[in-house]
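Work through the exercises below with the sequence and the model open. Try each task before you read its solution.

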Amino acid sequence: MSVRYRPGVNALVIGCGRVGSSVAVDLQASGWEVSVVDEKEEALARLGDHWRGAFVVGHGMDIQVLREAGIEGADAVVVATNGDNTNIVIGQVAQKRFDIGCTVVRILDPARAAFYRTQGLRTVCPTKTAIDELTEAVRSCEVPSQPAAR
Amino acid sequence: MYALIAGGGKVGANVLRTLQRLGHEATLVEQRRDRYERLEEEFGHEVHHGDATEIYVLERAGIRRPPDLVIALTGDDEDNLVICQIAREKYSVEKVVARVNDPRNQEHFDLMGIGPTVCATSSIMALVQHEVPEHELVQLLELRRENLEIVEVQIDRESPSAGRRVDSLALPEGSRLITVLRGGESEIAIGSTELQPGDQVLAILRPGKEDELRRILLRA
C-alpha cells in the first residue's frame, strides 16, 4: 500500500455538502493535500472515516477562517457552499485577494454563472448541465412521430 | 433621476418613500412575499416581487434602462455585492450604493471596488468613539475615493503641540489641520493659529498616518 504524497499540491474546498465533500474525498484519494471549510461541524461526517486532511468550522467569507484553512498555500480552491452569491464572493476573494489561479466556483443559477464567466470566474453550473442532459435524453428517445390520439 | 432599490425592509422602504417625495422615480425589488404585499399596497407597481440577484428579476424591475443609481439594501452582504456587480458590469449603471450589514465584509466590497457603502455598525462605533474620551484620535469620516480621512483630536496640557503655531508643526506629509474648536466656537486652522489645551482639532490625512499625527499633536 502506498499513498502518493505530492508536496505543494494543496486544495481548499469551501462548503462540505454533497458536492464539496465528494470533491474533497476524490482529490485526497488522488494524492492532493485537502483542507475543508464548512459552517457546520456535523459536515465533517460526510468526509468519511478515512479523512486525514484539515477541517475548519467557519464561514467562507471570513478571511480568518480562509487563512486558518491554508488558503495562502493553496494551489486550487473549490467553492461549493449552498449559496450562489456566497460562492461568487468567496471565489472572487480567492482569485483577486489570494491570487489563486485555479479557483472553481459552483453557481446553480445559469444566468449568474454565465455572467460571472464573462467576468473571468471559472464557474460550474450543475443546473445548466442538467438542462442540457435532460433535453438531450428526451431528444434521443424513440417516440411515435404522432402523439397518440385519445 | 431614476433609482432601482434592492431590498424592501425598513431601510429600503424609507429610501423609496423619500426618493418619491423628492420627485424622483424609483422601483424596488423585495423577495419576501409578506413584505412585498405590504409595500405593493402603498407603492403599487413600483414594487416588484423576487430575488434581486436574479437577472430576470432585475430586468423586470427596469435595470435595462439603465437606472442612474442602484441601491442595494438587502440584509445579505453577498447579495448586495452581487447586485452591485451585475448592475455596474452587465448594465453599465454608473452609480451604486451598498449597505454593509457585517462590518467584517467591508473589505470584500473594497476588494471589488463597490462603493460607496453604508454600514450601521461602523457608523455607530464612530459615534461611540467620539463620545468616549480615552480615544484620543477619532476617525470621523472616511473618504474612500480620495484615499483620505478626517479625524478629530483633543489637545491637552501635556500635548507637545499645545502653545504652538500650526505652521511650526511638522505634520505628516499630505495632512492638514482643518478647524479648531475652542469654547464652543470653531475657526479655520491657518498657519498663525496657536493650539491650546482643550482645543478640538479636525485634521485631514492619508489613512495610515494616524500614529504619526498622534505623535506630533498629542504625545512626543
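**Exercise 1: Unusual backbone spots**

P116(B) is found in the loop between helix 5 and strand 6 (117–118) of chain B. Helices (H or I, at least four residues) and strands (E, at least two) are DSSP runs, numbered from the N terminus.

Before starting, note that this is a predicted model: local features need pLDDT of at least 70, side-chain atom pairs count only at pLDDT 80 or more, and totals for chains, interfaces and linings use all residues. Residues are numbered from 1 along each chain as its sequence is written, chains are lettered from A and ligands numbered from 1 in the order in which they are written, and side-chain values use heavy atoms, with hydrogens and water left out.

Task: Is the peptide bond from G115(B) to P116(B) cis or trans?

Solution. Step one: read omega, which is near 5°. The bond is cis. Step two: go to R65(B) and P66(B), also joined by a cis peptide bond, with omega about -10°. P66(B) sits in the loop between helix 3 (55–60) and strand 4 (69–72) of chain B. Step three: turn to chain A, where D99(A) has a positive phi near 60° without being a glycine. D99(A) lies in the loop between helix 3 and strand 5 (102–106) of chain A. Most residues other than glycine have a negative phi, and most peptide bonds are trans.

**Exercise 2: Two helices across the interface**

Task: At what angle do helix 3 of chain A and helix 4 of chain B pack?

Solution. Step one: take helix 3 (residues 84–97) of chain A and helix 4 (residues 77–91) of chain B; the angle is about 75°, and the axes are 8 Å apart. Axes are lines fitted to C-alpha atoms, for helices over the stretch in contact, and angles run from 0 to 180 degrees between N-to-C directions. Step two: classify. The pair is therefore roughly perpendicular (65 to 115 degrees). Step three: list the contacts (heavy atoms within 4.5 Å). Helix 3 of chain A contributes N85(A), T86(A), I88(A), V89(A), Q92(A) and K96(A), while helix 4 of chain B contributes E78(B), D79(B), L81(B), V82(B) and Q85(B).

**Exercise 3: The whole interface**

Task: How many residues of chain B are in contact with chain A?

Solution. Step one: count. 17 residues of chain B touch 16 residues of chain A. Step two: get the area. About 1,500 Å² is buried between the chains, and carbon and sulfur atoms give 60% of that. Buried area is the accessible area (1.4 Å probe) that two parts lose on being put together, summed over both. Step three: find the main suppliers. E78(B), H108(B) and L111(B) give 32% of the area that chain B buries against chain A, more than any other three residues.

**Exercise 4: Salt bridges**

Task: Which residue forms a salt bridge with R97(A)?

Solution. Step one: apply the rule, a side-chain nitrogen of Lys or Arg within 4 Å of a carboxyl oxygen of Asp or Glu. Step two: the partner is E107(B), with the closest N and O atoms 2.5 Å apart. The count between chain B and chain A is one salt bridge. Step three: look inside chain A. E136(A) and R139(A) form a salt bridge at 3.8 Å, N to O. Both lie in helix 5 (residues 126–139) of chain A, three residues apart, about one turn of the helix. Over all chains the count comes to 21 salt bridges.

Technical notes:
Angles under 35 degrees count as roughly parallel, over 145 as roughly antiparallel, 65 to 115 as roughly perpendicular and the rest as oblique.
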